[in-house]
Amino acid sequence: MAHAARAHILHAALPRVCALTGAFSINVVAAAFTDSALTDPSRQLRLLIDSVHDHALYLLDPDGIICSWNPGAQRIKGFTADEVVGTHFGRFYPAKDREAGEPQRLLQQAAREGHHASEGWRLRKDGSSFRASIVIEPVVEQGTLLGFVKITRDITENWQAQRLLRDAQRALRQTQQFETVGRLSRGLSHEFNNLLTTIGNAIDLVSLRVGQDPRTQELLASAQAATDRGALLTRQLLAFSSGQTLVRDQVDINALIGGQLEVLQRSCPTGIGLDTSMTLGLPRVCLDRAQLETALTNLVANAAEATPPGGRVRITTALERRLDPDADGHSERAYVTLRVHDEGRGMAPEIAERASEPFFTTKDIGKGSGLGLSQVFGFTTQSGGFVDVATTPGVGTTVSLLLPALEDSTHDR
Ligand SMILES: Nc1ncnc2c1ncn2[C@@H]1O[C@H](COP(=O)(O)OP(=O)(O)O)[C@@H](O)[C@H]1O
Ligand SMILES: [Mg+2]
């Protein structure tokens, strides 16, 4: 386009451009405002536009061909005037938008509605993209569309800062929700624990008074089993809400299992047998006794639930040397292993992968909380050990807790 025609578009656009340049930083050299500059409108305009450094401010003809270029455009997009004047402004759009006819659509909208403003991704000369805030103003004189004024601002930093802020707010909301759930679980579990203790004690006392009536004894046994299950649930909730601190103790695992057998057997549905196979003379482990009991109850409950009627669940203990996952290199150490093995339905890979997530359950409402394995994993890791799960659909599952053996033990060699 000839220089005279460009000047003509600029003149027609001047009132709109001036209105839009409120935010521009204009670095006009004072000396430029000589009489001649002030009285020569085309110089005045050039001065104004060339002084805009933080906005790309340029003219398009009605088809979108670039007619002028300012230093701000060169700074933001990386092209010199020689490289872009006479070419279509769609070159700054990502290929996907260009092919979808986005540049042309924006011009048509600006011509139709008298203004277009939006945000989007644009390309620099080096191929990198930046977040752009754009304004397109049609230049109309006596009903004829002469072209467009295009103003682009690089708002990448702003956009990134807003994204970071939004992500931080989201993370904060999530943390607050977790905290609320944690507080709720903690409160509920303490409350329920008190209630269940009262119920459990009452059942004990009643069973002493009712004599040997088998039907009444059966009813009391199922009430006791339900109370045990309620107590387990409250312990799971408490472990999830981190409402308890571990009280470490030197524990003889075989003795602990022996002491729990009756309760464990009671928690298995009728028709499921419980076997044990313990390695004698195991070193002690240093952990929270009550938590280990909860973990064992969780594992046996899972195994019994997965086992068909008439099947058996096996608890075994052993001493093993394994690589210490926390140590660098290849140092081995002694672990006391507690295994719960079943020949039940096993887990499909997508279930095994998620099984230790808090609240993940494949059981119906009222049958599972999804907090069992999460307690097992949490407690074992906190005790310096790790969990191994071996499972095959249709064959069975073995969950092993590897708990660090106390180093001073005579077995730990
Ligand atoms: N021994 C097992 N055999 C088959 N599936 C199991 C076994 N142990 C755990 N699972 C699967 O892992 C899920 C999560 O277990 P858990 O955390 O104890 O929660 P819940 O038992 O309340 O569902 C169970 O719902 C079940 O699908
Ligand atoms: Mg469970």
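So, which helices are among what covers the buried residues of α9? Hold that thought for a second. One caveat up front: this is a predicted model.

Okay, α9 itself. That's residues 214–240, 27 of them. At 1.5 Å a residue you'd expect a span of 39 Å, and the end C-alpha atoms are 39 Å apart, so the two agree. The buried residues in α9 are Thr227, Ala231, Leu232, and then everything listed from Arg235 on: Gln236, Leu237, Leu238, Ala239 and Phe240, with Arg235 buried too. Back to my opening: the cover over those buried residues includes α8, α11 and α13. And right after α9 ends, serine 242 takes a positive phi, about 50°.

Now α8, residues 156–209. This helix has 54 residues, and from first C-alpha to last it reaches 79 Å, close to the 80 Å expected. Just two of those 54 residues are buried, so α8 lies largely in the open. Here too there's a positive phi just past the end, at glycine 211, about 75°.

Then the other two helices from that cover, α11 and α13. Let's look at them from the ligand's side. α11 is 289–306 and α13 is 372–382, and each puts at least two residues into the shell around ligand 1. The top contributor is α11, with four.

What does that shell look like by class? Eight nonpolar, twelve polar and three charged residues. There are 23 residues around the ligand, and the ones that come nearest are Asn302, Ala306, Thr361, Gly368 and Gly372.

So, to wrap up: α11 and α13 help cover the buried part of α9, and they also supply residues to the ligand 1 shell.

Definitions and conventions: Residues are numbered from 1 along each chain as its sequence is written. Chains are lettered from A and ligands numbered from 1 in the order in which they are written. This is a predicted model: local features need pLDDT of at least 70, side-chain atom pairs count only at pLDDT 80 or more; totals for chains, interfaces and linings use all residues. A residue is near a molecule or strand if its C-beta atom, placed from the backbone, lies within 6 Å of it. Ala, Val, Leu, Ile, Met, Phe, Trp, Tyr, Cys and Pro count as nonpolar, Asp, Glu, Lys and Arg as charged, and the others, Gly among them, as polar. The expected span of a helix is 1.5 Å times one less than its number of residues. A residue is buried if 20 or more other C-beta atoms lie within 10 Å of its own, exposed if 12 or fewer, and partly exposed in between; C-beta atoms are placed from the backbone. Two residues are in contact if their C-beta atoms, placed from the backbone, lie within 7 Å.
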